[in-house]
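This report walks through one protein model for a reader who has not met it before. Please keep the sequence and the structure in view while reading.

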Amino acid sequence: MQLSATFRHMDASQAVRDYAHEKLEKIRKYFHKDPISAHAVFSVERGFHHVADLNITLPNGILINAKEVTEDMYSSIDLAAARIERQVRKWKEKIRDHKPHGGPAGSVREMVIPREEMEPQVPPATAPAPESTSVGAGFRVIKDTTVTTRSMRVEDAVMQLNLLGDELLVFTDATSGSISVLYRRKDGNYGLIETGGSGAGT
């Protein structure tokens, strides 16, 4: 398995990288030894939060992610790798059967708007406002990214949502060609929003 590593707010450590590589190698048995690429981000926050963010990309385009935080980097790697393995075991048959649909991929813009810009504030405001990176239609934007909407069936989107551990996934519906939003409801079911907008050329 090819593993690239990024170290943030800590010294680069070959021992940490090798440990993560060893843990992720054990997951290869679920994929018939297909080539797998992986990227790990190791960081230390506030001096004692050791964060291991592990990302795997499979040849068929499926993405798998797990992020864990403990007071020890090796423990964080253990927990993140264990979470990935649990999800892979659960979805292994669908992962093996998944074929990229090759439909048109689109893109959507995601912006993060600071809460204090939109909600009434009760003075005094004790926390400093985040630095703005751009200005939208009368409001500040502190993060502005473009997200690719891969073409997939709804069933594949459910699998991808779980393998990423996210609450929401924007994708291009392979059947209708429209941009859709899949999200996890509080009752444990999945919500699906069909926008009717085409994913191609956005």
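## Where the sheet begins

In this predicted model, glutamine 2 has serine 37 of β2 as its bridge partner. That pair belongs to the pairing of β1 with β2, two strands that run parallel and are joined by seven bridges.

The wider setting is an open sheet of four strands, placed in the order β1-β2-β3-β4, with mixed pairing. Because β1 (residues 2–8) and β4 stand at the edges and each has a single partner strand, one side of each is left without a neighbour in the sheet. On average, and with direction ignored, neighbouring strands of this sheet are turned by 15° against each other.

## Two hairpins

Strand β2 (residues 37–45) runs antiparallel to strand β3 (residues 49–57), and nine bridges join the two. Glutamate 45 has histidine 49 of β3 as its bridge partner. Three residues lie between the strands of this hairpin, where arginine 46 takes a positive phi near 55°.

Strand β3 also pairs with strand β4 (residues 63–70), again in the antiparallel sense, over eight bridges. Here valine 51 has valine 69 of β4 as its bridge partner. The hairpin formed by β3 and β4 has five residues between its strands, and glycine 61 in the turn has a positive phi of about 95°.

## Helices on the sheet

Which strands does helix α1 lie across? Helix α1 (residues 14–25) lies across β1, β2 and β3, and runs at about 140° to β1. Helix α2 packs on the sheet as well, touching β2, β3 and β4, and its direction makes about 145° with that of β4.

The two helices also pack against each other, at an angle of about 20° and with their axes 10 Å apart. Since angles under 35 degrees count as roughly parallel, α1 and α2 are therefore roughly parallel to each other. Their crossing is right-handed. On the side of α1 the contact is made by Ala15, Val16, Tyr19, Ala20, Lys23 and Leu24, while α2 contributes Met73, Tyr74, Ile77, Asp78, Ala81 and Ile84. By class, the residues of this contact divide into ten nonpolar and two charged, with no polar ones.

## The packing of α2 and α4

Helix α2 (residues 73–97) has a further packing partner in helix α4 (residues 154–164), at an angle of about 155° and with the axes 11 Å apart. Angles over 145 degrees count as roughly antiparallel, and α2 and α4 are therefore roughly antiparallel to each other. The crossing of these two helices is left-handed.

From α2, the residues that make this contact are Gln87, Val88, Trp91, Lys94 and Ile95, and from α4 they are Val158, Met159, Asn162 and Leu163. The contact of α2 with α4 has six nonpolar residues, two polar ones and one charged one.

## How α4 is covered

How many of the eleven residues of α4 are buried? Nine of them are, so that the helix is mostly covered, given that buried means under 20% relative accessible area. The buried residues are Asp156, Ala157, Val158, Met159, Gln160, Leu161, Asn162, Leu163 and Leu164. Just after α4, glycine 165 takes a positive phi of about 70°.

Conventions:
Residues numbered from 1 in each chain as written. Predicted model: local features only at pLDDT ≥ 70, side-chain atom pairs only at ≥ 80, totals over all residues. Heavy atoms only, no water. Axes fitted to C-alpha atoms, helices over the stretch in contact; angles between N-to-C directions. Parallel < 35°, antiparallel > 145°, perpendicular 65-115°, else oblique. Left-handed = near helix turned anticlockwise from the far one by under 90°. Contact = heavy atoms within 4.5 Å. Nonpolar A, V, L, I, M, F, W, Y, C, P; charged D, E, K, R; others polar. Buried < 20%, exposed > 50% of the residue type's maximum accessible area, 1.4 Å probe, protein only. Pairing = 2+ DSSP bridges.
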